[in-house]
Amino acid sequence: MLPGPTPSDADEQARVDRATEIAVLAGALAHEIKNPLSTVRMNMELLAEDFADSVTPRDRRALAKIRMVERECQRLHHILDDFLNFTNARRLELAPADLNAQIEQLLEVYAPQAAEAKIEIVTYLDPDLPGVRLDRQSFQAVLWNLILNAQQAMPNGGQLVIRTSSVGPAVVLDLIDSGCGMDEATITKIFEAFYSTKPGGSGLGLPMTKKIVEAHGGAIHVQSEPGRGSKFSILLPVPWRLGDLPEHEDEEQQIQEIAQDTQNR
């Protein structure tokens, strides 16, 4: 007879099942909220049309209030969309990929926006970088989110350095901005769901980014100081090639050790 799960295994499975149940219920609740919210928003738009040509002070005040409700409905709609993406992340389809090429493709698209925002992009991409396994669609979303976060941290322009390197069984991607930076209290919370320092932000962008990176078997860390910018570091495992033997039995532990070294650099 095969041995049954140990109490710790059973407890862990119970936690996973409970988290899955909560995610399903939360997703269903978000869908239920979106339906009446859409009705409210549509009726606000119709009311705004009715008041659009009003000239009396009373009607103009009413129109301003209607517009405010419209904006709040739109904000809630975006929060619910972000939440559903967070809870219903699709299964990743990992395939061999060139991380440098992924970065270059994104920067080519981002270049006009960077120029408009007066952001200088500096790249140091290791030409001998090993290949990694990526879900290209989700990882592009990770890169976009981190780059746009950096842009928002530099409202008057600045410099964004993007650097890749290879350390042991991991590839490291650093994004370093010259923006406003964060204090220690903020750093400890930025990967928590619904925490945001941006007006109108959903607080789900960085938690989703962390979730995707970890689903790739990687890790993400941040270093920052107020007034001195921020550095986000993503570590991704390099697939073992035939004949390679890992120096440590626990690759995840080794990735975490490298992550700690990266934070200290």
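Here are four short exercises, each with a worked solution, on a predicted model.

**Exercise 1. The aromatic pair**

Work out how the rings of Tyr110 and Trp144 are arranged, and where the two residues sit in the chain.

*Solution.* A pair of aromatic rings is described by the distance of the centres and the angle of the planes. Start with the count: the structure holds one aromatic pair. The ring centres of Tyr110 and Trp144 are 5.9 Å apart, which falls within the 6.5 Å limit for a pair. Next, take the angle: the planes meet at 85°, so the pair is edge-to-face, given that this label applies over 60 degrees. Now place the partners. Tyr110 belongs to helix α3 (residues 99–116) and Trp144 to helix α4 (residues 136–152), so the pair links parts of the chain that are 34 residues apart. Finally, check the surroundings: Tyr110 is buried at 1% relative accessible area, whereas Trp144, at 26%, is partly exposed.

**Exercise 2. Ser54 in its loop**

Decide whether Ser54 is buried or exposed, and find its polar partner.

*Solution.* First locate the residue: Ser54 is in the loop between α1 (7–51) and α2. Its relative accessibility is 14%, and the cut-off for buried is under 20%, so Ser54 counts as buried. Then look at the side chains: Ser54 and Asp59 are joined by a polar contact of 3.5 Å. With neighbours within four places in sequence set aside, Ser54 is in contact with Asp59 and Arg60.

**Exercise 3. Around Asp177**

Describe the place of Asp177 and what its side chain approaches.

*Solution.* Begin with the strand: Asp177 lies in β5 (residues 170–177). With a relative accessible area of 7%, Asp177 is buried. For its surroundings, leave out residues up to four places away in sequence; Asp177 then touches several others, among them Ala150, Met154, Leu160 and Arg228. Asp177 and Val161 are 16 residues apart in sequence, with 6.3 Å between their C-alpha atoms. Last, turn to the polar side: a polar atom of the Asp177 side chain lies 2.8 Å from the backbone nitrogen of Gly179.

**Exercise 4. Cysteines and an arginine**

Find how many disulfides the model has, then contrast the exposure of Cys73, Cys180 and Arg71.

*Solution.* A disulfide needs two cysteine sulfur atoms within 2.5 Å, and the count comes to zero. Cys73 is buried at 6% relative accessible area, while Cys180 is partly exposed at 47%. Arg71, in helix α2 (residues 57–87), is exposed at 53%. Arg71 and Arg41 are 30 residues apart in sequence, and their C-alpha atoms are 8.8 Å apart.

Methods. Residues numbered from 1 in each chain as written. Predicted model: local features only at pLDDT ≥ 70, side-chain atom pairs only at ≥ 80, totals over all residues. Heavy atoms only, no water. Helix = DSSP H or I, 4+ residues; strand = E, 2+ residues; numbered from the N terminus. Buried < 20%, exposed > 50% of the residue type's maximum accessible area, 1.4 Å probe, protein only. Phe/Tyr/Trp six-rings, centres within 6.5 Å; stacked < 30°, edge-to-face > 60°. Polar contact = N/O pair within 3.5 Å; in protein donor to acceptor, adjacent residues only side chain to side chain. Contact = heavy atoms within 4.5 Å.
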